[in-house]
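Here is a plain walk through one chain, starting with a pair of strands and working outward. Keep the 3D view open and follow along.

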Amino acid sequence: MIKEKRKYAVALALCCVGLMIGSCTQGPVPARGAGAGNGTAGPVAPETDAAAELAQRRTQMAKPAWTVKMKVLDRPQVVKGVVVVVVLSEDAKGLELTGLKETTGKKLWGVSVDPGWVPSGVNMGV
């Protein structure tokens with residue numbers, strides 16, 4: 001009796017899995033311009049001006065708003081309109097945490113840092 005119930009449960013589970021998998025696959029995707037879901041491919045409509053413009057924009061290279069000559073050592077982060085980045089100092093003897101204005105790239109501030117630098121007030125204990 002228990003073995004028969006288990007067989008029915010396994011068969012029912014397999015049927016459910018089969019139905020779920022079957023409902024997820026639609027078969028071939030109709031080509032662009034296809035008929036109203038009937039699987040027949042109709043003529044492909046010419047691209048509209050808006051679609052052509054969008055395709056053009058997607059292939060264009062982005063132009064930077066500004067550039068600054070620095071030896072950047074880490075990926076810049078933007079915080080409240082200030083681009084913060086770690087760079088090699090101008091005398092090339094150390095590192096500097098530098099803040100640049102996001103819109104113009106003008107240097108706002110720079111702080112000399114050491115790679116092992118820990119800001120005061122930070123508890124290093126566990």
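## Starting at the first pairing

Strand β1 and strand β2 (residues 82-88) run antiparallel, and three bridges join them. Within that pairing, Q77 sits opposite V84 of β2. Bear in mind that this is a predicted model.

The turn that links these two strands deserves a look. The hairpin of β1 and β2 has two residues between the strands, and K80 takes a positive phi near 50 degrees there. K80 belongs to the loop between β1 and β2. Most residues other than glycine have a negative phi. K80 is one with a positive value, and it is not a glycine. Is K80 buried or exposed? With a relative accessible area of 84%, K80 is exposed, because the cut-off for that class is over 50%.

## The rest of the sheet

Moving on, β2 pairs with strand β3 (residues 95-101), again in the antiparallel sense, this time over seven bridges. One bridge here is between L88 and L95, the latter in β3. After that, β3 and β4 pair over six bridges, also antiparallel. In this pairing G99 has W109 of β4 as its bridge partner.

Put together, the four strands make an open sheet in the order β1-β2-β3-β4, with antiparallel pairing. Which strands stand at the edges? They are β1 (77-79) and β4 (107-113); each has a single partner strand, so one side of each is left without a neighbour in the sheet. From one strand to the next, the twist averages 25 degrees.

Here are the three hairpins, each with its residue of positive phi:

| Hairpin | Residues between the strands | Residue with positive phi | Phi |
|---|---|---|---|
| β1 and β2 | two residues | K80 | near 50 degrees |
| β2 and β3 | six residues | A92 | near 60 degrees |
| β3 and β4 | five residues | G105 | near 85 degrees |

## A charged pair across two strands

How many salt bridges does the structure hold? There is one. In general, side chains of opposite charge can pair when their charged atoms come close. In this case K107 forms the salt bridge with E96, and the closest N and O atoms are 2.9 Å apart. The pair links distant parts of the chain, with K107 in strand β4 and E96 in strand β3, 11 residues apart.

The two ends of this salt bridge are covered to different degrees, so take them one at a time. K107 has 37% relative accessibility and therefore counts as partly exposed. E96 has 16%, so E96 counts as buried, the limit for that class being under 20%.

## A nonpolar patch on the edge strand

Now stay with β4. L108, W109 and V111 make a nonpolar surface patch of about 250 Å². L108 is placed in strand β4, and so is V111. L108 has a relative accessible area of 43%, which means it is partly exposed. V111 is partly exposed too, at 38%. W109 has already come up, as the bridge partner of G99.

What does V111 touch, leaving aside residues up to four places away in sequence? The answer is L95, E96 and L97. E96 is also the partner of K107 in the salt bridge, and L95 is also the bridge partner of L88. As for T98, the C-alpha atoms of V111 and T98 are 6.4 Å apart in space, while the two residues are 13 apart in sequence.

## Stepping back to the whole chain

With the sheet in mind, zoom out. The chain has two helices and four strands, and along the sequence they follow the pattern α-α-β-β-β-β. Of its 126 residues, 9% count as buried, and E96 is one residue in that class. The chain exposes about 11200 Å², with carbon and sulfur atoms supplying 61% of that area. Finally, take contacts between residues at least 6 apart in sequence: 14% of them join residues at least 24 apart.

Notes
Residues are numbered from 1 along each chain as its sequence is written. This is a predicted model: local features need pLDDT of at least 70, side-chain atom pairs count only at pLDDT 80 or more; totals for chains, interfaces and linings use all residues. Side-chain values use heavy atoms; hydrogens and water are left out. Two strands pair if DSSP finds at least two bridges between them. Axes are lines fitted to C-alpha atoms, for helices over the stretch in contact, and angles run from 0 to 180 degrees between N-to-C directions. A salt bridge is a side-chain nitrogen of Lys or Arg within 4 Å of a carboxyl oxygen of Asp or Glu. Buried means under 20% relative accessible area, exposed over 50%, partly exposed in between (1.4 Å probe, protein chains only). Patches are made of residues with over 30% relative accessible area and no salt bridge: like charges are joined within 9 Å, nonpolar side chains (Val, Leu, Ile, Met, Phe, Trp, Tyr) within 5 Å. Accessible areas come from the Shrake-Rupley method with a 1.4 Å probe; for residues, only the protein chains shown count as cover. Contact means heavy atoms within 4.5 Å.
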